[in-house]
Amino acid sequence: MLAEQRKQQILQILDTRGSITLPELTSLLHVSESTIRRDLQEMDSKGLLVRVFGGAVSANSMTDLREEGVLEKQTVNIREKQMIGRYAASLIQPNDFVFIDAGTTTGAVIPFITEHSAVYITNAVAHGLELARRGFRVSLVGGEIRGLTEAIVGSAACEELRSYNFTKCFMGTNGVNADNGFTTPDINEAIIKGRAVAQSKERYVVCTSEKFHVIVRFAAWGDATILTDRYPNSWYAEQENVISIGDGT
């Protein structure tokens, strides 16, 4: 495949998905990682895309990459998050090996966890401290801490996750869309989230109903079961992988 054809394919992928990782591109285009890195660098210099750690983001989507910090999110939809957290915690069984993603909705799961025979892994410092304080067996993934979300990210964290095989994962998300799957504004977090999903047998995304929109994808629509407070519309009520915890469901 000629270089220009390869670059055009990269742009087409980004136009559809919003983001792509280096491993995905090497697999899809059947070229070396060094070749992909060179392509991305050239395309970034021309303003065709934005090169980020571990991959690339569509230049057109960068205006949408806005995210509130943990403190702001903690004060929003408290009742809904507690409702989702209670249900999610009830899914944890004896001897489960559980990954808990960073985020305030995933954090709402922790107060309702009662299963002490399970082992917990998390990439959120606050989650790890809370689990340890409550007497659960928990380990933190090692890596760089992203200040805005207090999530541990980076290549070291991603490689560590490859060594695990979780029975369940509970993932946070900034957006949900049937066409584009589960999304987040930051590709560094997307890489960690995607790896955790890949390493898990049962996958749950916990999110309140206003999250049903698109930013940057980390997993496909069918990759996980969604636990939310209510169905945004009747179409979602008909989907087998969407569970509403609210009244009337």
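This passage walks through the main sheet of a predicted model and two of its helix contacts.

The model is predicted, so local features were taken only at pLDDT of at least 70 and side-chain atom pairs only at pLDDT 80 or more, while totals for chains, interfaces and linings use all residues. Residues are numbered from 1 along each chain as its sequence is written, and side-chain values use heavy atoms, with hydrogens and water left out. Helices (H or I, at least four residues) and strands (E, at least two) are DSSP runs, numbered from the N terminus.

The sheet is a good place to start. It is open, has seven strands in the order β6-β5-β4-β9-β12-β14-β15, and its pairing is parallel; two strands count as paired if DSSP finds at least two bridges between them. β6 and β15 (242-244) sit at the edges with a single partner strand each, so one side of each has no neighbour in the sheet. On average, neighbouring strands are turned by 20° against each other, direction ignored. Helix α5 (residues 78-90) packs on this sheet and touches β9 (166-171), β12 (200-206), β14 (225-228) and β15, where contact means heavy atoms within 4.5 Å. The direction of α5 makes about 135° with that of β14. Such angles run from 0 to 180 degrees between N-to-C directions, and axes are lines fitted to C-alpha atoms, for helices over the stretch in contact.

Next comes strand β5 (residues 119-122), which is covered on both faces: V119 and I121 are buried on one side, Y120 and T122 on the other. Buried here means under 20% relative accessible area, with a 1.4 Å probe and protein chains only. β5 pairs with strand β4 (residues 97-100) in the parallel sense over four bridges. Across that pairing, F99 stands opposite I121, and V98 stands opposite Y120. β5 also pairs with strand β6 (residues 137-140), again parallel and over four bridges, and there Y120 stands opposite V138.

Finally, there is a pair of helices. Helix α2 (residues 22-29) and helix α3 (residues 33-45) have axes that come within 9 Å and cross at roughly 110°. That makes α2 roughly perpendicular to α3, a label used for 65 to 115 degrees (under 35 is roughly parallel, over 145 roughly antiparallel, and the rest oblique). L22, L25, T26 and L29 of α2 meet E33, I36, R37 and L40 of α3.

Key. Buried < 20%, exposed > 50% of the residue type's maximum accessible area, 1.4 Å probe, protein only.
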